[in-house]
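Hi everyone, thanks for making time this morning. I'd like to walk you through one structure, so have a look at it on the screen before I start.

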Amino acid sequence: MKNAELQIGCQTFTWEMLGSGWGGGPDDLVRAIADGGYAGIEITDTMIGHYALKPADFARALTDAGLALVSFAFGSASGFTVAEKIASDLDTARRWIDFAANFPGALVSMGSATVVSDGPRDEKFAIAAECYNRATEIGQSAGVTVAVHPSSHHNTLLFTRNDYDQLFALLDPQVGWVPDTGHILRGGQQIGDTLAAYRDRIRYVHLKDVDAGGIWAMLGEGVCDVPAVLSAVRDAPNFIGWIVVEEESDHAATDPAAAVRANRETLRRLGF
């Protein structure tokens, strides 16, 4: 895939991580991301606000702003690792798959498996895989691709390369993957090797940066080799062309709109 075919989107977690420190709504997110020079948006269940039951209205808002919905992302208090919560988690997956089905080409991203209860670690991989596999089947019935987004946040089950290997070995081939450069690097992984090992699962990419100590950094100010990452993923057979920029640094906490705008300029300087 040539650079011109890459499409650059923005994830809304840059605002979500502010918690009660940010009092805006989804229209503010759409406006800031469009003004930042992006072509698409990935929004989450906690940020969709009043559009949760109004996909047609959200579609109009995106069209008016010149944005596409890349993906709808959601997580669960169960961390997708509690057997008794699988039915509830699948109900939630069905809800957001039905929402995403209103947006041609949009995916659903399921958050990282997370340890939220006692019990053998190996069992939690099996529970998470069952949940991801069954959600993907629901997505296939609705014509929506479902992908897993591992993270490096507190209590994640998916931190090291061994963790990725253990989960991915249990996933059906149809289950997608959203590699996140920052989380991969924070897990001590060799990013090029991990991307190559699971290239068939790659659907789109979360692009962000960290310093050598694993602290979040503005894009281009850390250790992530952005051109190498984009070169590695753009030929993956199921990659849909979207690079979704996400920012979690202290700078973003000060002024999220300015941070995502600066990251877009960084990509332009790199030729993307």
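**The pocket and the sheet**

Let's begin with the pocket. This is a predicted model, and its largest pocket holds about 520 Å³ of space. Which elements give two or more residues to its lining? They are α1 (13-16), β3 (68-74) and β4 (107-110). In total, 26 residues line the largest pocket, and those nearest its centre are Phe13, Gly111, Ser112, His149 and His153. If you sort the lining by class, you get 17 polar residues, 5 nonpolar and 4 charged.

Now to the sheet. Two of the lining elements, β3 and β4, belong to an open sheet of 8 strands. Reading across, the order is β6-β5-β4-β3-β2-β1-β10-β7, and the pairing is parallel. The edges are β6 (176-177) and β7 (205-207), each of which pairs on one side only. As a reminder, strands of a sheet pair through backbone hydrogen bonds.

What joins β7 to β10? There are 3 bridges between β7 and strand β10 (residues 242-245), and the two run parallel. For one bridge partner, find His206, which is matched with Val244 in β10.

Over at β1 (7-11) and β2 (40-44), you'll see helix α2 (residues 26-35) lying across both strands, at about 150° to β2.

Last, the annotation. An unreviewed UniProt entry lists residues 30-269 as "domain: Xylose isomerase-like TIM barrel". In the model, that span is 42% helix and 13% strand, and its end C-alpha atoms lie 24 Å apart.

Thanks, everyone!

Technical notes
Residues numbered from 1 in each chain as written. Predicted model: local features only at pLDDT ≥ 70, side-chain atom pairs only at ≥ 80, totals over all residues. Heavy atoms only, no water. Pairing = 2+ DSSP bridges. Helix = DSSP H or I, 4+ residues; strand = E, 2+ residues; numbered from the N terminus. Contact = heavy atoms within 4.5 Å. Axes fitted to C-alpha atoms, helices over the stretch in contact; angles between N-to-C directions. 1 Å grid on protein atoms, 1.4 Å probe; cavity = no way out; pocket = protein on both sides within 12 Å on 5 of 7 lines; lining within 4 Å. Points joined across faces, edges and corners; volume = space filled by probe spheres on them. Nonpolar A, V, L, I, M, F, W, Y, C, P; charged D, E, K, R; others polar. UniProt positions renumbered as here; feature names shortened; annotations may be inferred.
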